[in-house]
Amino acid sequence: GFTGMEEILTRVVAPLPTYETREKSPPPPESNSLDFMHFYKSLEKEDKHRFLSKLSQDFGVDHKGASELAVKLLDTQLRDLATILQVEDRLRYSLTPRYKQLLNHISRVEGGVKFLVDLRADVLEIIASKSNETPHIKDLNGTLKSLLSEWFSVGLLRLERITWHSSCEILQKISQYEAVHPIRNWTDLKRRVGPYRRCYAFTHAAMPGEPLVVLHVALTEDISDNIQSIVREFATLDVEEDVNKVNAAVFYSISSTQAGLQGVELGNYLIKRVVRELQSEFPHMARFSSLSPIPGFSSWLQALLSQCRKEGRGSDLLSEQEWKEVEKATDSTSATQTLDALRRLITSSEWLRSEKLSSVLEPLLMRLCAWYLYGEKRRGYALNPVANFHLQNGASMWRLNWLADTSPRGIANSCGLMVNYRYFLNDTSKNSSLYLQNKVVVASEQILGLVSQFQKTSKL
Ligand SMILES: CC(C)(COP(=O)(O)OP(=O)(O)O)[C@@H](O)C(=O)NCCC(N)=O
């Protein structure tokens, strides 16, 4: 209950020691941390949210003390530097939230780091649900994120290659965490770690046996343009011996497993680390690229088509020639009928089996999808989350692939299209800052060509 919360917080969240005694106060008993963890785990979800709001609100920064020191710092501006530095250090210390020490103490007990990772996942849930507007919870998130970023910095992570000889426990987790192309059975799993494949994960000593982020790689002659050639399910007898067949590394799935580590950018670091690993194993390897899904394209397209239908602007999307072909292919007689037929066609997968239909749809879907990836934005960055992820890493939008994922999921989510985000190693840091600071999307001739076709045809 509420009183229980009040009691536990007052008891275990020790007041911030005074500036003078800050390095002399002994750590509180470990039992405080254990009691806090035990109490928190016993709460229901909504009580957890209430508890975290209370913790962040009543046990955070002493705002009054901080503002007094800020005024004092202003007064000392004319004093000697040593005095100014002294007052700055007091001000800095006064901005330490009271709960920060508790978080530090919890990180030192058994299972404490994992507890804090999961705690941040709950904090992120509260922020996402906007259930409470207190800015304090955002402060708590900031404090947790900066602590976790230090503890999970690259130097403290371990790169593990997952093979068929890895433990069943970790192989089972790899299978369960695979979020992009679900692993269907043992054969599939064995293939993912078998010849011409690599599977890597980052682990951390504080969370043994827990893959924090997992990357699946295919070693190929050239950059793959379709996923079936990578995840098709058949046991393979070939042994990985023909090194000359390996010129490219294709990242075809990446998943982070800890919601509480969002924003710590583990995926980006893992890709860069794996590139270095592969370069040392295959010195002549020079092509590194993702083969990525395009989640959200179909629903974006459906919304666009229904909007055009409502406003009777179908001709904005299709050229005259395309209109005629779609009308003929779908036996439509009016523009609205054609748009309806087009929408139905795209959601079904019947066009996949008809040479005629797919040849009509290819140029249309390719340029619409190129625009969706390159032109559609959210707060200035790529609307598509996978594009945003790879562009932040400094990859370039390199090739849009037709009939790249003909599975039911691939057709339903993105009309079978997939995209290669290519990592040109000498350009990634420059591309990344171009994207993050100037919102510039680095793209290939193919993509730019498709985008300009879209802009010519559609007057959107
Ligand atoms: C794409 C992923 C791995 C990026 O994780 P990460 O590098 O840690 O980024 P961030 O969460 O720190 O912003 C992550 O967002 C994820 O697992 N997404 C769902 C699966 C996918 N690959 O889209």
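A pocket is an open set of grid points with protein on both sides within 12 Å along at least five of seven lines. In this predicted model, the largest pocket holds about 1000 Å³ of space. This report describes that pocket, the ligand, a second pocket and a cavity.

**The largest pocket**

The lining of the largest pocket is made up of 41 residues. Those nearest its centre are S256, Q262, P385, F389 and Q392. Several helices and strands take part: α7 (112-129), α8 (135-151), β3 (213-220), β4, α12 and α18 (385-392) each contribute at least two residues to this lining. Sorted by class, the lining has 21 nonpolar, 16 polar and four charged residues.

**The ligand**

Where does the ligand sit? The space it takes is the largest pocket. The residues around the ligand are V180, I254, S255, S256, Q262, G263, V264, E265, L266, G267, N268 and F389. By class, this shell consists of five nonpolar, six polar and one charged residues. Two elements, β4 (248-256) and α12 (266-281), each supply at least two residues of the shell.

S256, Q262 and F389 belong to the shell around the ligand, and these residues are also among those nearest the centre of the largest pocket. Likewise, β4 and α12 are named for the shell and again for the lining of the pocket.

Polar backbone atoms of the protein lie close to nitrogen and oxygen atoms of the ligand, as the table shows.

| Residue | Protein atom | Ligand atom | Distance |
|---|---|---|---|
| I254 | polar backbone atom | nitrogen | 2.6 Å |
| G263 | polar backbone atom | oxygen | 2.7 Å |
| N268 | backbone N or O atom | oxygen | 3.4 Å |

How much of the ligand does the protein cover? On its own, the ligand has 510 Å² of accessible area, and the protein covers 69% of it.

**The second largest pocket**

The second largest pocket has a volume of about 380 Å³. It is lined by 17 residues, and P17, R22, S25, Q101 and H105 are the closest to its centre. Which helix gives the most to this lining? Helix α6 does, with four residues. The lining divides into eight nonpolar, five polar and four charged residues.

**The cavity**

The structure also holds one cavity of 30 Å³ or more. The volume of the largest cavity is about 40 Å³. Its lining consists of V12, V13, A14, P28, R98, Q101, L102 and H105. Of these residues, five are nonpolar, two are polar and one is charged. Helix α6 (residues 99-106) gives the most to this lining, with three residues.

Helix α6 thus appears at two sites: it is the main contributor to the lining of the second largest pocket and to that of the largest cavity. Q101 and H105 also appear twice, as residues that line the cavity and as residues among the closest to the centre of the second largest pocket.

Definitions and conventions:
Residues are numbered from 1 along each chain as its sequence is written. This is a predicted model: local features need pLDDT of at least 70, side-chain atom pairs count only at pLDDT 80 or more; totals for chains, interfaces and linings use all residues. Side-chain values use heavy atoms; hydrogens and water are left out. On a 1 Å grid over the protein atoms alone, a cavity is a set of points where a 1.4 Å probe fits but cannot get out, and a pocket is an open set with protein on both sides within 12 Å along at least five of seven lines; lining residues have an atom within 4 Å of a point. Grid points are joined across faces, edges and corners, and a volume is the space filled by probe spheres set on the points. Ala, Val, Leu, Ile, Met, Phe, Trp, Tyr, Cys and Pro count as nonpolar, Asp, Glu, Lys and Arg as charged, and the others, Gly among them, as polar. A residue is near a molecule or strand if one of its heavy atoms lies within 4 Å of it. A polar contact is a pair of N or O atoms within 3.5 Å; within protein, one must be able to donate a hydrogen and the other to accept it, and residues adjacent in sequence count only if both atoms are side-chain atoms. Accessible areas come from the Shrake-Rupley method with a 1.4 Å probe; for residues, only the protein chains shown count as cover. A molecule sits in a cavity or pocket if more than half of its atoms lie within 2 Å of its grid points.
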